[in-house]
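Open the model in your viewer and show the side chains. We will go from one charged pair to the next.

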Amino acid sequence: MQMILSYLRRCVEDYDMIHAGERIAVGVSGGKDSLVLLYAMAKLREFYPEPFELHAVTVHPGAPGMDFGPVAALCRELNVPYHLSETEIFHIIFDLRQEKNPCSMCAKMRRGAMHSALQELGIHKVALGHHRDDAVETLLLSLIFEGRFHTFSPVTYWDRIGLTLIRPLILMDEADIIGFQNKYQLPVAKSPCPADGRTKREYIKNLLKSLNKDHPGTRERMFAAILSGGLKGWEDFNPYPRRPSGPG
């Protein structure tokens with residue numbers, strides 16, 4: 001917990017992610033990353049010098065068998081208001097349209113549903129559970145499939161809809177997140193998506209594992225390339241900070 005909160009706080013402060021009095025939603029998909037972020041943000045709220053209000057928002061894709069009851073119970077334990085937005089995304093994509101490559105459309109529809117839910121709640125900032133491995137994988141996806149050097153940034157502002165996205169776990173390795181989720185037994189809601197395990201991102205994830213195995217340190221060097229590559233939104237990062245010493 002101390003390690004997670006240390007890196008979380010460092011990221012929040014380096015990128016000026018939280019301001020006093022803000023209402024912040026955590027986008028909770030039910031996966032390990034968003035649950036760890038929810039838990040850590042709830043603990044950060046207890047001592048952070050800039051007081052903020054925390055909510056959890058889930059977009060239910062309508063996939064059969066997905067149970068968010070345990071997530072709701074965790075939110076009650078953490079004293080975080082929980083909002084579940086029901087949709088028919090699964091039905092539209094797989095039953096009506098029968099998409100063979102559903103990921104792009106699914107992501108777009110989920111974003112739209114999340115934005116609508118946030119507007120209803122009057123919340124203009126959402127925290128997402130992307131971590132360091134996600135940033136590197138997105139870079140590889142962009143290089144291989146789009147021919148550009150690009151990945152998401154720690155803070156993104158969408159002026160068209162007046163929404164700010166923050167990614168407080170961006171300095172964390174996925175391995176640390178997995179360890180935290182296992183230690184605290186956070187209630188992951190497994191997705192029954194037929195495309196699960198067969199996406200381009202899954203291909204890139206496996207490719208990166210293979211590269212890192214054959215050439216240890218590949219992942220770290222790629223993240224260093226993100227930091228030094230002049231990408232928008234990464235300018236404020238200090239790659240040589242003091243080691244985190246504790247949440248306070």
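**A tour of salt bridges**

Select Lys205 and Glu174: their side chains meet in a salt bridge, 3.3 Å from N to O. This pair links distant parts of the chain. Lys205 sits in helix H8 (residues 200–214), and Glu174 sits in helix H7 (residues 174–184). The two are 31 residues apart. Keep in mind that this is a predicted model.

Are Lys205 and Glu174 buried or exposed? Both are buried.

Now widen the selection. Add Lys32, Asp33, Glu137 and Arg201 to Lys205 and Glu174: these residues are linked in a network of salt bridges.

Next, go to helix H1 (residues 2–14). Pick Glu13 and Arg9, which form a salt bridge with their closest N and O atoms 2.7 Å apart. Both lie in helix H1, 4 residues apart, which is about one turn of the helix. Colour by accessibility if your viewer can. Glu13 is partly exposed, at 42% relative accessible area. Arg9 counts as buried, because its 14% falls under the 20% cut-off.

Stay in helix H1 and select Asp14 and Arg10. How far apart are the closest N and O atoms of this salt bridge? They are 3.6 Å apart. Again the partners are 4 residues apart, about one turn of the helix. Asp14 is partly exposed, with a relative accessible area of 29%. Arg10 is buried, at 15%.

Why look for such pairs? Side chains of opposite charge can pair when their charged atoms come close. To finish, search the whole model: the count comes to 13 salt bridges.

Key: Residues numbered from 1 in each chain as written. Predicted model: local features only at pLDDT ≥ 70, side-chain atom pairs only at ≥ 80, totals over all residues. Heavy atoms only, no water. Salt bridge = Lys/Arg side-chain N within 4 Å of Asp/Glu carboxyl O. Buried < 20%, exposed > 50% of the residue type's maximum accessible area, 1.4 Å probe, protein only.
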